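Open the structure in your viewer and keep the selection panel at hand. The tour below moves from one selection to the next.

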Amino acid sequence: MSPIGMVLESEECPQLKKVKRLADLTSFFKPTSVAIVGASSKEGKIGNAIVKNIISSGYKGKIFPINPKDKTIESLECYPSVLDIKENVDLAVISVPAAGTLKVAEECGRSGVKNLVVISAGFKETGHQGLNLEKELARICKENNISMLGPNCVGMMDTHVPLNASFAANFPPKGDIAFISQSGAMLVAILDWSMVNGLGFSKVISLGNKANLTESDFILEAAHDPVTRVILCYIEDVADGEHFLRAAREATSRKPVIILKSGVSQAGAQAASSHTGALAGSDLAYSTAFAQAGVIRSTTMAELFDLAVAFSRQPIPSGSRVAVITNAGGPGIVTTDRIEHHKLTMARFNKNTVEGLRTSLPAEANVYNPVDVLGDAGADRYRLALEKVMTDESVDSAVVLVCPTAVTNAEGIARVIIEAHRSYPEKPMFAAYMGGEMLAGGAHMLNVARIPCFTFPETAIAAIAGMSAYANRKSAGKPVVMGEIQGVDRHVVKEIFQRVKADGRLVLLGSEAARVMEAYGIPSAPTVLATSPEEAMEQAEIMGFPLVMKVASPKILHKTDVGGVKIGINNVEEVSNSFLEISENVHKYLPRVVIHGIELQKMMPRGIELIIGMTRDVQFGPLMAFGLGGIYVNLLKDVAFRLAAGLTGPEIEAMIAETKASTLLRGYRGEEPADIKAVTNIMVRSARLVTDFPEITEMDINPVFAYKQGASALDVKITVS
Ligand code: ACO
């Protein structure tokens, strides 16, 4: 059962539809044979580099160079075409000019090749013609059940197979980091950098144009790869939001996924016409998707790899309490600041630890966190401090800072840190050797012992913060199953939308939106439309008093500003007068705007003003908003966002808790608490509404009044496509 008590409803909801199965990539990464179409004996050509790379990587399977002009390439028998190979080919790497790739792909299809890596450039990145070529290539692959990486990529590597099916200059050492990159240039740069930094990789994938296999396929593959411990991605976009969320969620339940996503433009926000859309911005859907899927987002390449090192070499901390040991005060303070900045906690040592430190260290030493072992500290003093701190159960991770004084023994201290890490392997340990030449030997020893050693403590703290964020994600909870929400009438909404579209409108009138709310069980203030003062009076008598009257025109965003709203109407005379007054006001301010009439709404008692809204992201679908509502919503920007796809009960609670609105809802300054359950109910039902109807592009319910008991939607704006 969901937090609001849902029961199964028979009608199918789009969210429940089965998502497409992702590709099985076993034979892609572990092929028994590889063909290189466009293999070349000419030094300096990509087709030559690929053959050499496959051989020099130590690949144990069969290698078939393909080139109609040669008999042998790199001492291997060469074939004129894949069709001439009389054995199974699991993987073909294509390195012929783009125009020739279709024929090669077709031949691969005919000869039963299961996987392709298309290195060739000249596809969608070059324009319309290239895009058509790429579509054709993807079609051939699909028809022949071929999984294709690329086109326009550097290739792929698996260090454990081993196989280097790429034209990169380096083949990295074996490791446990899978690196997936949409940029080939970024990938080759990182590989070269990793050679000097001793970073090992399990898999390296250059995604290229992602015409067939995408980041989601490889994230999922790496998630199930037993030798991969951490997944790193550089992406510019995701190919399919739904697949990405599914793959990322599954992957993060197994191991950390860290993504650097470039392109964070605000262009989308400017184009939005609703409050929710304007508040969201185009990058927000990505950050929200990453957060909801448990992905750690890095903002720089350096951070991406610092986190990779941390996750690859250290255990996940069981909490956020950090101990700092330093031989200098200043760096200790800087580190403390960063711990606070990242919302980590400075560990509070227990009494025994403090006493132990006091008796072991000189009187001038600081025995509280950060422990200052003083500038003249030798390795022994670090040992004493580490022994006490690491046994303290209020410490989840430790950072050791070393500044080079004339008496600092960097290597001796490194030995002590390594010993301490061996004794307490379950607690992550980091070092910051704050210097250069004098500390290089010790820093090197630490890195060899897989204890991340950085030049400055900020990097260590950022890494711990990333690891803690990953540790915390595990309690995300079960997604709310939209199809289980009771009391939903899709037909009523369908009919309303059909009428709105037939009328040539994109925005629903308030009275129509109120009926949509009603159909989805969202409590809202009764609203009707009147087209004349007489009709308004008639409706008012049926509805009862007091009433609010509002101009009905989807073109008017801020009705109060044009004199389009009258509140506290208590009798039919006032109804008639208000009808005329509102009409005149609006005509005066906006003479060219067509009005559909005047809406009468039951005047509701004031509650806490909230906004519940939705803006639809092209990749990830409905992005739900919750926060403080009313006319200052854009000014206050007290809004939290979550994707409707896979929204969980705890996430809804977290969404509310993130905003200042939650303080009001819990009862501010002696006020009684509001009915948070009723607010949650509106959120969940709104999420189902926008999931059921993809034609809803934006929705603002502003305000929603939250009461001591219950909640009610007041002003509802629904925009359809
Ligand atoms: N079957 C077998 N062999 C063929 C076929 C075929 N259908 N067609 C051509 N060949 C042979 C050629 O005869 C040639 O052989 P040779 O070297 O013995 O003369 C070889 O295959 C290569 O063909 P070329 O026409 O010489 O093409 P070239 O090697 O110059 O270029 C390449 C091919 C590398 C695919 C090029 O078209 C290309 O796309 N380059 C850019 C690659 C790229 O940048 N990819 C993106 C990476 S991301 C990043 O940039 C970091």
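**Second largest pocket**

The lining of the second largest pocket divides into 14 nonpolar, 11 polar and seven charged residues. The model is a predicted one. The space in this second largest pocket comes to about 970 Å³.

To find its centre, select Ala 291, Val 295, Ala 469, Tyr 470 and Asn 472; of the 32 residues that line the second largest pocket, these are the closest to that point. Next, colour the elements that give two or more residues to this lining: helix 10 (282–293), strand 14 (296–298), helix 17 (457–473), strand 27 (639–643) and helix 23 (649–658). Which element supplies the largest share of the lining of the second largest pocket? Select helix 17, which provides eight residues.

**Largest pocket**

Move on to the largest pocket, where the space is about 1200 Å³. Its lining is made up of 49 residues, and Lys 550, Thr 560, Asn 702, Pro 703 and Asp 715 are the closest to the centre. Show these five as sticks to mark the spot.

Two or more lining residues come from each of these elements: helix 19 (510–519), strand 22 (547–552), strand 23 (565–569), strand 24 (597–602), strand 28 (696–706) and strand 30 (716–720). Pick out strand 28 among them, since strand 28 gives the most to the lining, five residues. Colouring the lining of the largest pocket by class will show 25 nonpolar, 13 polar and 11 charged residues.

**Ligand**

Now select the ligand and the 24 residues around it. Ser 40, Lys 42, Lys 45, Lys 69 and Ala 121 come nearest. By class, the shell around the ligand holds 13 nonpolar, seven polar and four charged residues.

Three atom pairs can be looked at in turn.

- Lys 69: a polar atom of the side chain is 2.8 Å from an oxygen atom of the ligand.
- Ala 121: here a backbone N or O atom lies 2.8 Å from an oxygen atom of the ligand.
- Ile 119: a polar backbone atom is 3.0 Å from a nitrogen atom of the ligand.

How much of the ligand's accessible area does the protein cover? On its own the ligand has 1000 Å² of accessible area, and the protein covers 70% of that. Switch on the protein surface with the ligand still selected to look at this cover.

Terms used
Residues numbered from 1 in each chain as written. Predicted model: local features only at pLDDT ≥ 70, side-chain atom pairs only at ≥ 80, totals over all residues. Heavy atoms only, no water. 1 Å grid on protein atoms, 1.4 Å probe; cavity = no way out; pocket = protein on both sides within 12 Å on 5 of 7 lines; lining within 4 Å. Points joined across faces, edges and corners; volume = space filled by probe spheres on them. Helix = DSSP H or I, 4+ residues; strand = E, 2+ residues; numbered from the N terminus. Nonpolar A, V, L, I, M, F, W, Y, C, P; charged D, E, K, R; others polar. Near = heavy atom within 4 Å. Polar contact = N/O pair within 3.5 Å; in protein donor to acceptor, adjacent residues only side chain to side chain. Areas by Shrake-Rupley, 256 points an atom, 1.4 Å probe, with all protein chains shown as cover.
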